[in-house]
Amino acid sequence: MIQTEQLSPDTIMFYVKGPFYKKVAKELGLIVFRSHHLGFKTFLCNLSHVSLIDDQGSHQLTLIGQGLQENGCTWKVIQPPFSTGNQLILRTSLQQFPPAMWN
């Protein structure tokens, strides 16, 4: 789910909740595109309530940011879930040790 809040005449905040995957990322991209055409120049994306972000979602965030920066806009992502300790554990591969090393 994506909610928006206008913070100033040229600044908009996007609140994303739940899992962030390709479909949600494309929806966010469309909302950002429309907002840019309405005159917004500063875009904030709050991901503090995202429970999971996949590689395609992360890639789409990068593409959105690059597109905005190429047009002279500002793009900031607030509290991405991959910066927290829990998400780092989920994103690392666990090395398998032989049973003799478990002690």
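**Notebook: starting from Phe40**

I began with Phe40, which sits in the loop between H1 and S3. Reminder to myself: this is a predicted model.

**Entry 1: the loop residue**

Is Phe40 buried or exposed? I looked up its relative accessibility and got 8%; buried means under 20%, so Phe40 counts as buried. Next I asked which residues Phe40 touches once those up to four places away in sequence are left out. My list reads Gln6, Ser8, Pro9, Asp10, Thr11, Ile12, Ser35 and Cys73. Pro9 caught my eye, as it is 31 residues from Phe40 along the chain, yet their C-alpha atoms are separated by 7.3 Å.

**Entry 2: the whole chain**

I stepped back and counted three helices and four strands. Along the sequence they come in the pattern β-β-α-β-α-β-α. Of the 103 residues in the chain, 31% are buried. For the surface I noted about 7000 Å² of accessible area, with 56% of it belonging to carbon and sulfur atoms. I also checked contacts between residues at least 6 apart in sequence: 70% of them join residues at least 24 apart.

**Entry 3: the sheet**

In what order do the strands line up? I read S1-S2-S3-S4, an open sheet with mixed pairing. S1 (2-8) and S4 (74-78) are the edge strands; each has a single partner strand, so one side of each has no neighbour in the sheet. From one strand to the next, the twist averages 20 degrees.

A textbook note for the margin: strands in a sheet pair through backbone hydrogen bonds, and the pairing can be parallel or antiparallel.

Then I zoomed in on S1 and S2. They make a hairpin, with two residues between them. S2 covers residues 11-20, and it runs antiparallel to S1, with six bridges joining the two. I wrote down two of the bridge partners: Ile2 goes with Val16, and Thr4 goes with Phe14.

**Entry 4: helices on the sheet**

Which strands does H1 lie across? I found H1 (residues 22-37) across S1, S2, S3 (42-53) and S4, and its direction is about 170 degrees to S2. H2 (residues 55-70) lies across S2, S3 and S4, at about 175 degrees to S3.

**Entry 5: the core**

I looked for the largest nonpolar core and got 21 residues. Those with the most contacts inside it are Val16, Phe20, Leu28, Val32, Phe43, Leu61 and Trp75. S2, H1, S3 and H2 are the elements giving two or more residues to this core. Another margin note: nonpolar side chains in soluble globular proteins tend to be buried together.

Phe43 was on that list, so I followed it up. With neighbours within four places in sequence set aside, Phe43 is in contact with ten entries I could tick off: Ile12, Phe14, Val32, Ser35, His36, Leu68, Cys73, Thr74, Trp75 and Lys76.

**Entry 6: two rings**

How many aromatic pairs are there? The count comes to one. The pair is Phe14 with Phe43, and it is stacked: the ring centres are 6.3 Å apart, with 0 degrees between the planes. Phe14 belongs to S2 and Phe43 to S3, so the pair ties together parts 29 residues apart in sequence. Both Phe14 and Phe43 are buried.

Conventions:
Residues are numbered from 1 along each chain as its sequence is written. This is a predicted model: local features need pLDDT of at least 70, side-chain atom pairs count only at pLDDT 80 or more; totals for chains, interfaces and linings use all residues. Side-chain values use heavy atoms; hydrogens and water are left out. Two strands pair if DSSP finds at least two bridges between them. Axes are lines fitted to C-alpha atoms, for helices over the stretch in contact, and angles run from 0 to 180 degrees between N-to-C directions. Contact means heavy atoms within 4.5 Å. A nonpolar core is a set of buried Ala, Val, Leu, Ile, Met, Phe, Trp, Tyr and Cys residues joined through side-chain atoms within 4.5 Å. Buried means under 20% relative accessible area, exposed over 50%, partly exposed in between (1.4 Å probe, protein chains only). Accessible areas come from the Shrake-Rupley method with a 1.4 Å probe; for residues, only the protein chains shown count as cover. Rings of Phe, Tyr and Trp (its six-membered ring) pair if their centres lie within 6.5 Å; planes under 30 degrees apart count as stacked, over 60 as edge-to-face and the rest as tilted.
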